Amino acid sequence: MADLKLYDVFDMSPLRDYIREHGECRVYRKGECFCRIGENAPDIGVVNSGGFAFVRPDDKGDDQTCSLAFANELVGSYISMMPGRKSGFDVKALRESEVSVLALDTVVEYMDTISPDYRLRFTYAIAYAFMMRGISYRCQSVESRYVELLERMPDVMSFMSTSAIASYLGVTRETLSRMRARMCK
């Protein structure tokens, strides 16, 4: 997921550098999708500025913010790294955002030139990020997850809705508001 930066288990800088060097610069307006759930997701990108939310509806139809990507983080539907796969998320710009974008199949070819196991290690990093995110929901307090988010993106409250932040943290808006009031005291 985009939260890979939180759980870096190997150096992704060659991949980020390659995408920036060879990719096309695109600007996404607030609310515009990088890729849509259920549709082919042919590209991967590096966020140069702005941010994206990985959103998926729950069983009630309410959007759940599952992951976030900010500057210098990867964006796209790259769970399997297999070109032609459908996106599992709507990946939406949280504000005007600039992204260096490259075709996923080109990125996969490049990964294979870095080292024979680079793609496998990248896939491992995705799985590890999912696991660690799940552990954080079960074992960390909401406050510590919120502080981690603020450390990652200090001005997140200025461009991300309270509902989306609460969803990302796994709490209601009311719980987030009460927690923020407590933390300000």
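Start at helix H2, residues 104-114, and show its surroundings. The cover over its buried residues includes H1, S3, S8 and H3. This is a predicted model, so keep that in mind at each stop.

**Stop 1: the buried side of H2**

Select Leu104, Val107, Val108, Tyr110 and Met111. These are the buried residues of H2. Look down the helix axis. The buried residues of H2 fall within an arc of 165°, so they line one face of the helix.

Now turn to the face pointing away from that buried side. Select Glu109 and Thr113. Both are exposed there.

**Stop 2: helix H1**

Move to H1, residues 13-22. Which residues of H1 are buried? Select Leu15, Arg16, Tyr18 and Ile19. They cover an arc of only 160° around the axis, which puts them on the same side of H1.

Next, show what they pack against. Two helices are on the list: H2 (104-114) and H3 (118-139). Three strands join them: S3 (43-49), S6 (74-76) and S8 (97-103). H1 also appears in the cover of H2's buried residues.

**Stop 3: Val91 in strand S7**

Select strand S7, residues 90-93, and pick out Val91. Is Val91 buried or exposed? Its relative accessibility is 0%, and Val91 counts as buried.

Leave out neighbours within four places in sequence and show the remaining contacts of Val91. From the earlier part of the chain, select Glu32, Cys33, Phe34 and Cys35. Add Phe52, Ala53 and Phe54. Finish with Val75 and Gly76.

For a distance check, go back to H1 and pick Glu21. Val91 and Glu21 lie 70 residues apart in sequence, and their C-alpha atoms are 23 Å apart.

**Stop 4: Asp63 in strand S5**

Select strand S5, residues 63-70, and find Asp63. Asp63 has a relative accessible area of 44%, which makes this residue partly exposed.

Again set aside neighbours within four places in sequence. Asp63 then contacts Val55, Arg56, Pro57, Lys92 and Ser167. Draw a line from Asp63 to Ser167, C-alpha to C-alpha. The separation is 8.1 Å, although their positions lie 104 residues apart along the chain.

**Stop 5: H4 against H5**

Two packed helices are described by the angle between their axes and the distance between the axes.

Select H4 (residues 142-152) and H5 (residues 162-169). They pack at an angle of about 120°, with axes 10 Å apart. That makes H4 oblique to H5. The crossing of H4 past H5 is right-handed.

Which residues meet here? On H4, show Val142, Arg145, Tyr146, Leu149 and Arg152. On H5, show Ile165, Tyr168 and Leu169. Colour this contact by class: there are six nonpolar residues, two charged and no polar ones.

**Stop 6: H5 against H6**

Keep H5 on screen and add H6, residues 173-184. The two axes come within 8 Å and cross at roughly 95°. H5 and H6 are therefore roughly perpendicular to each other.

Select the H5 side of the contact: Thr162, Ser163, Ile165, Ala166 and Leu169. Then take the H6 side: Arg173, Leu176 and Ser177. By class, this contact of H5 with H6 has four nonpolar, three polar and one charged residue.

To end, leave Ile165 and Leu169 highlighted. Both belong to H5's contact with H4, and both belong to H5's contact with H6.

Notes
Residues numbered from 1 in each chain as written. Predicted model: local features only at pLDDT ≥ 70, side-chain atom pairs only at ≥ 80, totals over all residues. Heavy atoms only, no water. Buried < 20%, exposed > 50% of the residue type's maximum accessible area, 1.4 Å probe, protein only. Helix = DSSP H or I, 4+ residues; strand = E, 2+ residues; numbered from the N terminus. Arc of directions from axis to C-beta. Contact = heavy atoms within 4.5 Å. Axes fitted to C-alpha atoms, helices over the stretch in contact; angles between N-to-C directions. Parallel < 35°, antiparallel > 145°, perpendicular 65-115°, else oblique. Left-handed = near helix turned anticlockwise from the far one by under 90°. Nonpolar A, V, L, I, M, F, W, Y, C, P; charged D, E, K, R; others polar.
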